[in-house]
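Subject: Structure for your review

Dear colleague,

Please find below the structure that I promised to pass on to you. I would be grateful if you could read the notes that follow with the model open beside them.

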Amino acid sequence: MKKKSNGLVLDPATGELKPVKWHQKAQQWLYGATEPYILKLTEFMLSTPERAEKFNKNPTPKALPREVVVTTDAACRFIDFIYSQELDNDSARMAVTKCVCQTATKKFREPVLKDMALLYTADMYTSIKHTGIKEPFNLIETAEEAKEMIRYFDECNLVHTVMYCHSSGRWTFVMCNCDDEICVPVKAYKAGRRDQVLAGPEIVSLNREKCKGCEECGKCVKRCIFDCNTVSEDGKSEVDTAQCLGCGLCASTCPTGARTMIRRENYEHEDKVTTKILLGE
């Protein structure tokens with residue numbers, strides 16, 4: 001009988017999946033058990049401007065997650081990579097559960113099932129009876145099923161992020177799909193905490209000649225949860241590329257092709273979430 005693995009991790013340096021170490025899995029279980037309390041505390045600190053100012057003076061602890069923003073196409077490439085690897089074990093590739101931010105703060109909006117565990121976390125959370133949010137993780141059987149979910153999340157105006165702990169891409173553990181109303185890391189980012197939600201490997205490029213104008217369209221302004229898009233004096237949209245994190249929501253909804261996603265020249269997280277996979281390079 002084939003022995004079940006303890007799960008897999010991604011090595012961004014080589015683009016390979018490798019067996020997880022026992023201490024890494026143990027630390028991930030501990031983080032999962034404490035995550036709801038961390039989110040509640042963060043929500044409390046963001047509840048007033050005074051607390052938020054104090055909160056932002058301290059950097060995010062190294063052990064806590066960072067998340068790299070990715071487009072829908074990049075998220076789908078990541079999923080294809082995970083499911084395309086031929087492995088000699090039956091480890092879970094991906095699993096989905098209720099949004100941890102929503103569950104921890106008891107604020108709900110659809111879709112609720114949108115936290116997508118990756119690799120060793122999917123393997124662990126589909127095997128144990130209890131998780132930090134006391135909700136089951138449902139196995140995602142195929143890449144097409146996972147990508148269908150990602151495309152639906154795009155339609156729901158959710159931003160995809162790939163999260164990792166301990167400042168190492170080898171600790172990649174979940175693909176989140178975030179909004180700006182309930183998602184705690186995004187709310188922290190908009191309140192001034194900029195070391196947790198990180199710019200992805202793509203950035204928007206705008207051809208203003210193709211823009212129909214915001215009076216007739218304006219979808220890009222409405223879709224941007226990071227407030228990077230505004231209406232200019234001539235009624236067309238403008239984008240602050242210095243603030244663009246590369247989610248692609250404005251580009252995926254632009255009816256004229258005025259907005260496209262291009263490779264970011266100064267992408268800073270190649271050693272954590274690699275373009276070898278995200279952009280197929």
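Two strands are said to pair if DSSP finds at least two bridges between them. By that rule strand 4 and strand 5 are partners, since they are joined in the antiparallel sense by five bridges. Please keep in mind throughout that this is a predicted model.

The sheet

Strand 4 and strand 5 belong to an open sheet of seven strands, whose order is 6-4-5-8-7-3-9 and whose pairing is mixed. At its edges lie strand 6 (138–140) and strand 9 (197–198), each of which pairs on one side only. Helix 6 (residues 143–155) packs on this sheet, where it touches strand 4, strand 5 (113–118), strand 6, strand 7 (159–164) and strand 8 (172–178). The direction of helix 6 makes about 135° with that of strand 5.

Strand 4 (residues 94–98) also pairs with strand 6, again in the antiparallel sense, and here there are three bridges. Individual residues show how the strands are matched. Met94 has Ile140 of strand 6 as its bridge partner. Ala95 stands opposite Leu139 in strand 6, and its bridge partner in strand 5 is Ala117. Strand 4 is mostly covered, with four of its five residues buried.

The hairpin

Which residues of strand 1 are buried on its two faces? On one side they are Leu8 and Leu10, and on the other Val9 and Asp11, so that both faces of strand 1 (residues 8–11) are covered. Strand 1 runs antiparallel to strand 2 (residues 16–19), and four bridges join the two. One of the matched pairs is Leu10 with Leu17 of strand 2. Together the two strands form a hairpin with four residues between them. In the turn, Gly15 has a positive phi of about 70°.

The empty spaces

Rolling a probe the size of a water molecule over the atoms shows where empty space is left. The structure holds two cavities of 30 Å³ or more.

The largest cavity contains about 110 Å³ of space. Its lining is made up of 17 residues, and those nearest its centre are Cys211, Cys217, Cys220, Cys254 and Pro255. Helix 8 (219–223) and helix 9 (249–253) are the elements that give two or more residues to this lining. By class, the lining of the largest cavity has eight nonpolar, five polar and four charged residues.

The second largest cavity holds about 70 Å³. It is lined by 14 residues, with Cys224, Asn229, Cys244, Cys247 and Cys250 nearest its centre. This lining divides into 10 nonpolar residues, three polar and one charged.

The largest pocket has a volume of about 630 Å³. Of the 43 residues that line it, Tyr31, Glu35, Ile38, Leu39 and Pro65 lie nearest the centre. Which element supplies the largest share of the lining of the largest pocket? That element is helix 1, with 10 residues. The elements that each supply at least two residues are helix 1 (22–45), helix 4 (100–105), strand 5, helix 5 (120–125), strand 8 and helix 7 (184–190). The lining of the largest pocket comprises 27 nonpolar, 11 polar and five charged residues.

Yours sincerely,

A colleague

How values were computed:
Residues numbered from 1 in each chain as written. Predicted model: local features only at pLDDT ≥ 70, side-chain atom pairs only at ≥ 80, totals over all residues. Heavy atoms only, no water. Buried < 20%, exposed > 50% of the residue type's maximum accessible area, 1.4 Å probe, protein only. Contact = heavy atoms within 4.5 Å. Axes fitted to C-alpha atoms, helices over the stretch in contact; angles between N-to-C directions. 1 Å grid on protein atoms, 1.4 Å probe; cavity = no way out; pocket = protein on both sides within 12 Å on 5 of 7 lines; lining within 4 Å. Points joined across faces, edges and corners; volume = space filled by probe spheres on them. Nonpolar A, V, L, I, M, F, W, Y, C, P; charged D, E, K, R; others polar.
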